[in-house]
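This briefing is for a reader who has not met the structure before. Please look over the sequence and the model first.

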Amino acid sequence: MSKILAVFGATGQQGSSVVHFVLNDPELSQKYRIRAITRDVNSEKAKALKNKVEVVEGDAGDRASLETALTGVHTVFAMTVPSFAPGGLELEYNSAKSIADVAVQKGAEYIIFSTLPSRAELSGGKYTEISHFEAKAKAERYMRSLPIKSAFYAPGFFMENFAMPFMAPQPADDGTWLLTRHTSPKTPVPLIDATGDTGKFIGAILAEPDKFEGKTFCASTALYTLEEVAAIMSKATGKTVVARQISAEDFKARIPFAPDALVDSFSCGEEFGFYGPDSEKLVAWAAENARGQPSTLEEFLQVHPLQLK
């Protein structure tokens with residue numbers, strides 16, 4: 001009899017990737033029956049899912065909805081949405097904690113959590129205000145203390161983010177396109193096709209849960225410098241894309257939300273590595289153990305062409 005796999009954020013980038021990967025994997029689709037959990041079961045994406053899987057309402061801020069959604073579940077894929085409002089760290093942490101507590105209460109046997117490394121710990125206390133990293137790291141520590149098996153998925157920088165206006169190349173007066181950050185263009189950053197590849201990493205855990213219990217997948221295809229990203233974008237678009245370093249204040253002025261936290265996050269990655277000093281080794285291990293080859297940036301841009309107009 002197949003086990004129920006509860007997938008939070010089932011209509012978002014990470015959750016939808018898990019749903020589609022499991023459905024299309026011959027072994028996992030027999031091993032697991034998906035219960036897609038979303039806050040709005042009447043959204044267009046949720047309605048489309050109903051043709052394929054069970055869809056139920058679940059909101060981390062509503063414990064009763066979680067108790068219903070997690071009844072009879074064997075394995076949980078949990079992810080939380082960052083909050084950059086005042087008190088956002090505790091808000092996001094409490095969301096993750098509620099999911100984990102109800103999972104244990106309802107007898108679930110395994111939880112896979114979408115986490116991030118603590119920037120405060122990596123930097124020895126230099127960077128302490130990057131709430132979306134700290135909330136997930138705090139939640140991971142809590143989950144590891146619970147009487148439930150667990151594994152963790154720590155995605156790198158989403159390739160999808162290059163389509164966001166403040167992350168995308170911008171036109172220059174000389175006809176080139178400038179890809180700007182306040183960090184050095186030679187800083188290596190792990191990249192992942194979140195929508196296309198999250199399922200490959202979670203699928204590896206689902207296929208061999210005992211093997212990967214307690215492990216963290218530093219999930220990315222590879223580390224890329226901004227110079228390498230610009231060269232790949234140039235080839236993909238036929239435009240000249242140039243990586244350029246600008247001041248932190250100029251970069252911050254372009255960011256529409258949580259500019260201090262995002263600038264500090266990039267700065268921490270430059271100084272200490274996205275996953276710390278062993279980032280390259282950790283990314284290589286995760287890619288080698290993924291259930292399928294993660295997409296390169298070149299492959300991602302073929303499927304999702306960058307619009308430079």
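The points below go from the whole chain to its sheets, cores and single residues.

The model is predicted. Its protein chain holds 13 helices and 13 strands. With a radius of gyration of 19 Å, close to the 19 Å that the globule rule gives for 309 residues, the chain is as compact as a globular protein of that length.

**The chain as a whole**

- The C-alpha trace of the protein chain spans about 60 × 40 × 35 Å along its principal axes.
- Buried residues make up 54% of the 309 residues in the protein chain.
- The protein chain has an accessible surface of about 13800 Å², and carbon and sulfur atoms account for 52% of that surface.
- Of the contacts in the protein chain between residues at least 6 apart in sequence, 76% link residues at least 24 apart.

**Strand β1 and its partners**

- Strand β1 covers residues 3-8, and five of its six residues are buried.
- Six bridges connect β1 with strand β2 (residues 32-38), and this pairing is parallel.
- Within that pairing, L5 has I34 in β2 as its bridge partner.
- β1 also runs parallel to strand β4 (residues 75-78), with three bridges between them.
- On the β4 side, V7 is bridged to F77.

**A three-stranded sheet**

- Three strands form an open sheet in the order β8-β9-β13, and the pairing in this sheet is mixed.
- β8 (170-171) and β13 (241-245) are the edges of the sheet; each has a single partner strand, so one side of each is left without a neighbour in the sheet.
- β8 pairs with strand β9 (residues 177-181) in the antiparallel sense, over two bridges.
- One of these links is between Q170 and its bridge partner in β9, L178.
- Helix α9 (residues 226-237) packs on the sheet and touches β9 and β13; the direction of α9 makes about 160° with that of β13.

**Nonpolar cores**

- In soluble globular proteins, nonpolar side chains tend to be buried together.
- The largest nonpolar core here has 36 residues. Its members that touch the most other members are L5, V7, V22, F201 and L206.
- The elements giving two or more residues to this core include both helices and strands, among them β1, α1 (13-24), β2, β5 (110-114) and β6 (149-155).
- Helix α8 supplies the largest share of the core, seven residues.
- A second core, separate from that one, has 26 residues, including M167, L262, F300 and L301.

**L206 and V22 in the largest core**

- Where does L206 sit in the secondary structure? L206 belongs to helix α8 (residues 194-207).
- L206 has 1% relative accessibility; buried means under 20%, so L206 counts as buried.
- Although L206 and L28 are 178 residues apart in sequence, their C-alpha atoms are 7.4 Å apart in space.
- Leaving out residues up to four places away in sequence, L206 touches L5, V22, L28, K31, Y32, T75 and I112.
- On the same basis, V22 touches L5, L28, S29, Y32, I34 and L206.

**Helix α12**

- Helix α12 spans residues 279-289, and its buried residues are S279, V283, A286, A287 and N289.
- What do these buried residues pack against? The buried residues of α12 pack against helix α8 and the strands β10 (189-192), β11 and β12 (222-224).

**Two loop residues**

- P82 lies in the loop that runs between β4 and α5 (88-105).
- Is P82 buried or partly exposed? P82 has 34% relative accessibility; partly exposed covers the range between 20% and 50%, so P82 counts as partly exposed.
- P82 is in contact with E92, H132 and K136, leaving aside its neighbours within four places in sequence.
- P82 and F133 are 51 residues apart in sequence, and their C-alpha atoms are 8.8 Å apart in space.
- A258 is in the loop between α10 (248-254) and α11 (259-272).
- A258 is not a glycine, but it has a positive phi of about 45°.

Methods:
Residues are numbered from 1 along each chain as its sequence is written. This is a predicted model: local features need pLDDT of at least 70, side-chain atom pairs count only at pLDDT 80 or more; totals for chains, interfaces and linings use all residues. Side-chain values use heavy atoms; hydrogens and water are left out. Buried means under 20% relative accessible area, exposed over 50%, partly exposed in between (1.4 Å probe, protein chains only). Helices (H or I, at least four residues) and strands (E, at least two) are DSSP runs, numbered from the N terminus. Two strands pair if DSSP finds at least two bridges between them. Contact means heavy atoms within 4.5 Å. Axes are lines fitted to C-alpha atoms, for helices over the stretch in contact, and angles run from 0 to 180 degrees between N-to-C directions. The radius of gyration is taken over C-alpha atoms; the globule rule is 2.2 Å times the number of residues to the power 0.38. Accessible areas come from the Shrake-Rupley method with a 1.4 Å probe; for residues, only the protein chains shown count as cover. A nonpolar core is a set of buried Ala, Val, Leu, Ile, Met, Phe, Trp, Tyr and Cys residues joined through side-chain atoms within 4.5 Å.
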